[in-house]
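Please walk me through this structure, from the overall fold of one chain to the contact between chains and then to selected details of the other chain.

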Amino acid sequence: MLELQRNVIFGQFVETGSFIHRVDARVKIAATFVLLVASFLIDDFLGFAVILPLLVIIGVVSKIPLGYILRGSRFFLAFLIFILAFQVLFYPGGDVPESSYLWRWGILSVSTEGIYTAGIIALRVILLYYVTTMLMLTTSLVDLTNGLELIFGPLQRLKVPVNELVLVFVIAIKFVPIFIEEMERLARAQTARGVPFDEGGAITRARRIGRLLVPIFISGFARADTLTIAMNTRSYRGGRYRTKFRQMHASPSDWLALTLVTLWVIVAWMV
Amino acid sequence: MQSDGRSPVLELKDFSHTYLEGTPRASEAVRDVSFRIHHGERVGIVGATESGKSTVVDSFAHLLRPGPGQVFYEGEDVTAPGYNRGRLRREIGIVFQRPDSQIIEDVVGADVAFGPTAAGLSASETRERVEESLNTLELPYPDYRLRYIHALSGGQRRRVAIAGVLAMHTPVLVLDEPMAGLDPRGRKELLELLLTLQRERELTLIVCSASLTDASLLCDRFIVLDRGTVVMDGPVREVLREADRLSELDITLPEPVVGAREMQKLFPDFPTDVLTEDELEVELLERLATS
């Protein structure tokens, strides 16, 4: 039966008590940012090859099983392959020498340049996805919110509504796993009524998922409503007026980890 | 209530289930649950929250990833490959805890018609079933047929969900917390309706609840779950006799039983297996007369 939560782990937090879990959230966000920048700067396979061991280390240290991450990225990977197929087939052929065409049919073609570009894009997107997923898997929502608020706090002087923006961002992320769970529940209930979600080919299954969209939206609005009321009744107001019960502390080893990541990225960029 | 030597309607044999098994977020819901439910029985599956009631319900219609243990319907293992799950789901009607999750269409009539249509009934038969089910639940067919479900109240939506299941004419009817969110009158009406239906259609009725208030009037047997295992299984009165233990398990006791437990302070031998206030009164008068 549908256990959707296995296939989409985006936005989930998994506590394993590892070193990465204990690193100060601000440091983790900064390291994530460094790696995001890296994904734009690095533009050859060698650079990504240099980054790879770093990603493996992060994965191992976090104690989150690789199988769990891979299975939980199934939909993402399927989507990525779909996009890449388009990228390769519709690669604009302006500067492609005739010799590098492997196959051609009308506007569709497969060229070595196309494959190379698609490969780099794939690695970039995977890096982006991996790094943000790892941040969310290893950082609780409260830490993530506090970390982002502290990092962007200075912008408040420029009248940027930092707290509100962070809150919207974090709620958006947090709603993804809730929606996934809700979809699972809906699919189960509808299966009991005779919509066989666990039978049929890929297209029929996809079409049945469409049936869940309207109820999902309705429950989404209802949840947002409840959340608003809950926040109002507890007199939530963001910004300078709030004080934190738990203060964040970055230890020397946290800073060391951030420095290491930054240096690693610089090396990968330079090679 | 062993009826006529037929195989049990439903049987769970060493059934265990862990959600998201093999992932870091795995959580065990039930462990080694075994019981049999026979034709025409009225069974209450009771337990506090997180005791595994809903997981057991889902297992009846094979809505979970297969795990250890077996589930039999009419003597056949439903987890076996090639088992006709479509037929199983047409014979076991489940009303879930939150009615919204099982509503498929936008309009009352269309939603109640969903099951019969999917089961391949003709248009006229389907119409008859829809009319009958809606009228039974006091949602008059002509008034409610074309109403939008999302514009209905919570109690009405629950009744639409029940109508959708009743329209299937399933021999087994399972209700997960059917009384939640209903006012006293609505609860009384639903209670009477379920009892009538059970009698008329000779249904096997299974009710899940954390409260014995209504379940004790509706069921003749309780299966008590605690943290995923069966801790008591027997006739209602037999289970109620262990009121102290039930209360320790965070199960809401029926009001007469609560009264009886108070009486035990005065009369230590006061029985707790009282189903109604009248029974409580009789017991009390008897003791007052002798003392």
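The paragraphs below take chain A, then its contact with chain B, then chain B itself.

This is a predicted model. Every value that follows is computed from it.

Start with chain A. Twelve helices and two strands make up its elements. Read from the N terminus, they run α-α-α-α-α-α-β-β-α-α-α-α-α-α. The two strands thus follow one another, with helices on either side of them in the order. The C-alpha atoms of this chain fill a box of roughly 65 × 60 × 40 Å, taken along the principal axes. Of the 271 residues in chain A, 24% are buried. Now look at contacts in chain A between residues at least 6 apart in sequence: 78% of them join residues at least 24 apart.

Turn to the place where the chains meet. Here 23 residues of chain A are in contact with 24 residues of chain B. Which helices of chain A each supply at least two residues of the side that touches chain B? They are α1 (4-7), α9 (162-192) and α11 (213-233). The largest share, seven residues, comes from α9(A). By class, this side of chain A has twelve nonpolar, five polar and six charged residues.

Two of these helices, α9(A) and α11(A), also pack on each other. Their axes lie 10 Å apart, at an angle of about 130°. That angle makes α9(A) oblique to α11(A). The crossing is right-handed. On the α9(A) side, the residues are A:Phe179, A:Glu182, A:Met183 and A:Leu186. They meet A:Pro215, A:Ile216, A:Ser219 and A:Gly220 in α11(A). Sorted by class, this contact has five nonpolar, two polar and one charged residues.

Now move to chain B and its sheet. Six strands form an open sheet with mixed pairing. Their order is β6-β7-β8-β3-β9-β10. Why is one side of β6 (92-95) and of β10 (229-235) in chain B left without a neighbour in the sheet? These strands stand at the edges, and each has a single partner strand, so one side of each stays free of a neighbour. Between neighbouring strands of this sheet, the turn is 15° on average, direction ignored.

Look at one pair inside the sheet. Strand β7 (residues 172-176) and strand β8 (residues 204-209) of chain B pair in the parallel sense, over five bridges. One position shows the register: B:Leu173 has B:Leu205 in β8(B) as its bridge partner. A helix packs on this sheet, namely α1 (residues 53-60) of chain B. The helix touches β3 (42-46), β6, β7, β8 and β9 (221-226) of chain B. Its direction makes about 155° with that of β7(B).

Chain B also offers a helix pair. The axes of α3 (residues 108-118) and α6 (residues 154-166) of chain B come within 7 Å and cross at roughly 35°. As α3(B) passes α6(B), the crossing is right-handed. From α3(B), the contact uses B:Val108, B:Asp111, B:Val112, B:Phe114 and B:Gly115. From α6(B), it uses B:Val160, B:Ala163 and B:Gly164. These residues divide into five nonpolar, two polar and one charged.

Finish with three loop residues of chain B. The first to visit is B:Glu138, in the loop between α4 (123-136) and α5 (141-144) of chain B. Is B:Glu138 buried or partly exposed? B:Glu138 counts as partly exposed, because 14 C-beta neighbours lie inside 10 Å. Its C-alpha atom is separated by 8.5 Å from that of B:Arg159, 21 residues apart along the chain.

The next stop is B:Arg227, in the loop between β9 and β10 of chain B. Its phi is near 40°, a positive value in a residue other than glycine. With 15 C-beta neighbours inside 10 Å, B:Arg227 counts as partly exposed.

Last comes B:Asp250, in the loop between α10 (243-248) and α11 (255-263) of chain B. Phi of B:Asp250 is near 65°, again a positive value in a residue other than glycine. B:Asp250 has 13 other C-beta atoms within 10 Å, so it is partly exposed.

Notes. Residues numbered from 1 in each chain as written. Chains lettered and ligands numbered in written order. Predicted model: local features only at pLDDT ≥ 70, side-chain atom pairs only at ≥ 80, totals over all residues. Contact = placed C-beta atoms within 7 Å. Helix = DSSP H or I, 4+ residues; strand = E, 2+ residues; numbered from the N terminus. Nonpolar A, V, L, I, M, F, W, Y, C, P; charged D, E, K, R; others polar. Axes fitted to C-alpha atoms, helices over the stretch in contact; angles between N-to-C directions. Parallel < 35°, antiparallel > 145°, perpendicular 65-115°, else oblique. Left-handed = near helix turned anticlockwise from the far one by under 90°. Pairing = 2+ DSSP bridges. Buried ≥ 20, exposed ≤ 12 C-beta atoms within 10 Å, placed from the backbone.
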